[in-house]
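Biologist: I would like to learn how the words used for a structure are earned. Could you show me the model and let me ask about it?

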Number of protein chains: 2
Amino acid sequence: MNWKRWKAVLAVFGGLMLGCQTPSSGIGSKVFVVERETGSLAVYDFVERKLLPRRITGLGNLRHATMIFSPDLRYGYLASRGGQVSRIDLQKLELDGVVFTSENSIDNAIGGGGRVIATAEYVPGGVTFVDAQTLEVLARHEATYEHEGQRLPSRVTGIVDAPGDRFVCVLIEGAEIWLIDASKPDFPITHRIPTDQDNPYDAMITPDGRWYVVGHMKSDRVSVLDLTRPEAGIRNVSLRDPKIDYDRKSPVKLPHLASWAVAGQSIFVPLVGEDRLAVLDRQSWEFKRSIPLRGHPVYAVRSPTEREVWVSFSGEEDDAFVQVIDTESLTVTDTIEVGRRIYHMDFTPRASHVLITANEDEKLFLVNAITHEIEDVVELESPSGIFGVWRAFRIGL
Amino acid sequence: MNWKRWKAVLAVFGGLMLGCQTPSSGIGSKVFVVERETGSLAVYDFVERKLLPRRITGLGNLRHATMIFSPDLRYGYLASRGGQVSRIDLQKLELDGVVFTSENSIDNAIGGGGRVIATAEYVPGGVTFVDAQTLEVLARHEATYEHEGQRLPSRVTGIVDAPGDRFVCVLIEGAEIWLIDASKPDFPITHRIPTDQDNPYDAMITPDGRWYVVGHMKSDRVSVLDLTRPEAGIRNVSLRDPKIDYDRKSPVKLPHLASWAVAGQSIFVPLVGEDRLAVLDRQSWEFKRSIPLRGHPVYAVRSPTEREVWVSFSGEEDDAFVQVIDTESLTVTDTIEVGRRIYHMDFTPRASHVLITANEDEKLFLVNAITHEIEDVVELESPSGIFGVWRAFRIGL
């Protein structure tokens, strides 16, 4: 073999070697940040405090995109709004496969011990189950409801995994909660539980996997289902503060239920259009009190210590600020200015820092959770949701 | 170049390629199981349900060995009894470096954002701080106490990381809790808090990182420190059941405090030599009640749902059994026979399964947390502690 061929062979091997180099850091401290307008994911390492130079692109319409992770941390799965589920290889940090489950989807969850991805869909309404390895569609449940003697399609939202190898979701027009057995090949719907009120629009599960909470349009009450006793049905929980006079014509609006925080003895509920957090008792679900805030809250995020909840706001005058709530005294202990139009916040797993995206300022901030100093800033394009791989180890995420 | 040389080159490249192959599964679902008598770690994947054929060996005396993980999941650090800290490469699953910090150590913790390993030591008594990257010793605090006008060495135990970038440990002969600032290069001891009672022998931190609990030899009371208000000092909490008549001559013995479970509204304390769990109130630390058991409890382990606690036992007649406690009704709901001399248990992160080592039977079991069926068994040599990488994302582990 002459030197030219030899060089060619070396180049091929060299390239392969480069492609499989042992990375200098692991996957544990990586967070994926949705860049909404460019349909891409940025990758930030909060230990190295470095943004990876390359983006993961071609991920579709990323409004309300959610990302879940396989239990072995081999893959992430990003559900776009356009029905696209993108698999991300967590070692290579690149797009590894795509499957379209519908025309319009809203949410996804991982179950069956990590073998199945389930997506909740608006058009056509239903739930699709995808093999997490092959990305093949395994099954599909059409969601319908009866209206004046006709069967009509219903949108589905709020899909989560729950203890006992189940998926849980809610039918918007159908006003029905579904419990689905994720361990069986045909994913049978084991329970169909009416939500009592109409127009559910979103749902969440508490971090212990016990309570499934459904929000309703134009209602001041949420439906709460005890997943350890689903046959008991839902109960209605009010978010009204009995001490406040309401204009009964103006509906109570609720933000996405993923914005609720469960911490200490309380559940903290940001109320759209009001300048307060509603605080419910974690055990009884009874209204405890309101916490007055500087503006209209959007997200309440708990620290892993459960000792603090950090709140973001809507509205130009407030959306650059975060207020820190002490979960024991139920008071505001600090107000921090971070960056304009804060979209998302998440604590690092041992509560040392908070990651915050400011969409208008196009920045990701790393804020010290103790001193409240901004310790790092990186530039991103229209940053939105923040997803750390530790979600793999938490029920319902 | 002739064919022989060409083959040699290929072999080298082939070997390198093999060495850096992308593994078929990720690190998230791997658990490291201490094989006590052989000084080795076995690696089991609970998703693939496979034991890796190769052991990681040469790790020293692994009695009471503990393993911690770097926040980026690049490394694990195993503290042996003989003062050896072994770094495990989590991608290659092999020994990557060793440092000896003392002649006899008991515990380790990771702090400073993953940059520092701290080990608690018996001989010589103190705390050693090691650079997590270079494995160099960065600093050392000698632990001493005053006895009849003399300064004598004290053993140190129960080292954990705590919110606020701190390490916490306790001096056995010194009867003093140390709070250490992990963010400063010389690791200053910021608080030295007397434990009131003598002879602390072990300690634990609650999963929210708030309470540091110290057990004392021959005492029925533990010292509890609120780490958010350390200047307030410790309070004494009794584990006696007021309804039980005790022979005051027989001391209450407590097992290792890592065996306590904090779940739901309660703290579950296994009491050595008694056939009950003591249940304390999670808020007030007051004694609530006893739960009668089939034998003498050793470990109480909570499910991530906090809805159940699983209890193991000592004594030939009981040590093959696990009892399941409902944390709401505070009753035993099931008794499961697993394997002889159960040493350790841990739930998988989403609460689907429990990993259990049976030392006498030399087996690791994967038990379904819902059906209580044994779904997988692998043979190990003298298996003991079980350490999943998700510990990287939990305060105090």
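Modeller: Happy to! Let's begin with two residues, E306(B) and R282(B), which are both buried. Keep in mind that this is a predicted model.

Biologist: Why is E306(B) called buried?

Modeller: Buried means under 20% relative accessible area. E306(B) has 18% relative accessibility, so it counts as buried.

Biologist: What makes E306(B) and R282(B) a salt bridge?

Modeller: The cut-off is a side-chain nitrogen of Lys or Arg within 4 Å of a carboxyl oxygen of Asp or Glu. In E306(B) and R282(B) the closest N and O atoms are 2.9 Å apart, so the pair qualifies as a salt bridge. The two partners are 24 residues apart, and their salt bridge links distant parts of the chain. E306(B) sits in the loop between β26 (296-302) and β27 (308-314) of chain B, while R282(B) sits in the loop between β24 (276-281) and β25 (287-292) of chain B.

Biologist: What is unusual to look for in the backbone of E306(B)?

Modeller: Look at phi: E306(B) has a positive value of about 60 degrees although it is not a glycine. L73(B) is another residue to look at, with a positive phi near 60 degrees, and it is not a glycine either. L73(B) is in the loop between β4 (66-69) and β5 (75-79) of chain B.

Biologist: Is L73(B) buried or exposed, and how do you know?

Modeller: Its relative accessible area is 2%. The limit for buried is under 20%, so L73(B) is buried.

Biologist: How many salt bridges does the whole structure have?

Modeller: A search over all chains finds 50. One of them joins K184(A) and D181(A), with the closest N and O atoms 2.9 Å apart.

Biologist: Why is K184(A) called partly exposed, and what is D181(A) called?

Modeller: Partly exposed lies between the limits of 20% and 50%. K184(A) is at 42% relative accessibility, so it counts as partly exposed. D181(A) is at 14%, so it counts as buried.

Biologist: What about R151(A) and E146(A), buried or exposed?

Modeller: Both R151(A) and E146(A) are exposed. Their side chains also meet in a salt bridge, at 3.0 Å from N to O.

Biologist: What makes a group of salt bridges one network?

Modeller: Shared partners do. Here they join R210(A), D226(A), R229(A), R307(B), D326(B) and E328(B) into one network.

Biologist: Let's turn to strands. Why are β18 (200-205) and β21 (234-238) of chain A said to stand at the edges?

Modeller: The open sheet has 4 strands in the order β18-β19-β20-β21 (chain A), with antiparallel pairing. β18 and β21 of chain A each have a single partner strand, so one side of each is left without a neighbour in the sheet. From one strand to the next, the twist averages 25 degrees.

Biologist: How do you know that β18(A) and β19(A) pair?

Modeller: Pairing needs at least two bridges between the strands. β18(A) and β19 (residues 211-216) of chain A have 5 bridges in the antiparallel sense, so they pass. As an example, A203(A) stands opposite V214(A) in β19(A).

Biologist: What makes the contact of S219(A) with Q197(A) a polar contact?

Modeller: The limit for the N or O atoms is 3.5 Å. The side chains of S219(A) and Q197(A) make their contact at 2.4 Å, so the distance is within that limit. S219(A) lies in the loop between β19 and β20 (221-226) of chain A, and at 7% relative accessibility it counts as buried.

Biologist: Why is strand β27 of chain A called mostly covered?

Modeller: In β27 (residues 308-314) of chain A, 5 of the 7 residues are buried. β27(A) pairs antiparallel with β26 (residues 296-302) of chain A over 5 bridges. With β28 (residues 321-326) of chain A, β27(A) shares 4 bridges and again runs antiparallel. β27(A) and β28(A) form a hairpin with 6 residues between them, and G315(A) in the turn has a positive phi of about 95 degrees.

Biologist: Which peptide bond in chain A is cis?

Modeller: One is the bond from V123(A) to P124(A), with omega near -15 degrees. In chain B, a cis peptide bond joins V123(B) and P124(B), with omega about -15 degrees.

How values were computed:
Residues are numbered from 1 along each chain as its sequence is written. Chains are lettered from A and ligands numbered from 1 in the order in which they are written. This is a predicted model: local features need pLDDT of at least 70, side-chain atom pairs count only at pLDDT 80 or more; totals for chains, interfaces and linings use all residues. Side-chain values use heavy atoms; hydrogens and water are left out. Buried means under 20% relative accessible area, exposed over 50%, partly exposed in between (1.4 Å probe, protein chains only). Helices (H or I, at least four residues) and strands (E, at least two) are DSSP runs, numbered from the N terminus. Axes are lines fitted to C-alpha atoms, for helices over the stretch in contact, and angles run from 0 to 180 degrees between N-to-C directions. A polar contact is a pair of N or O atoms within 3.5 Å; within protein, one must be able to donate a hydrogen and the other to accept it, and residues adjacent in sequence count only if both atoms are side-chain atoms.
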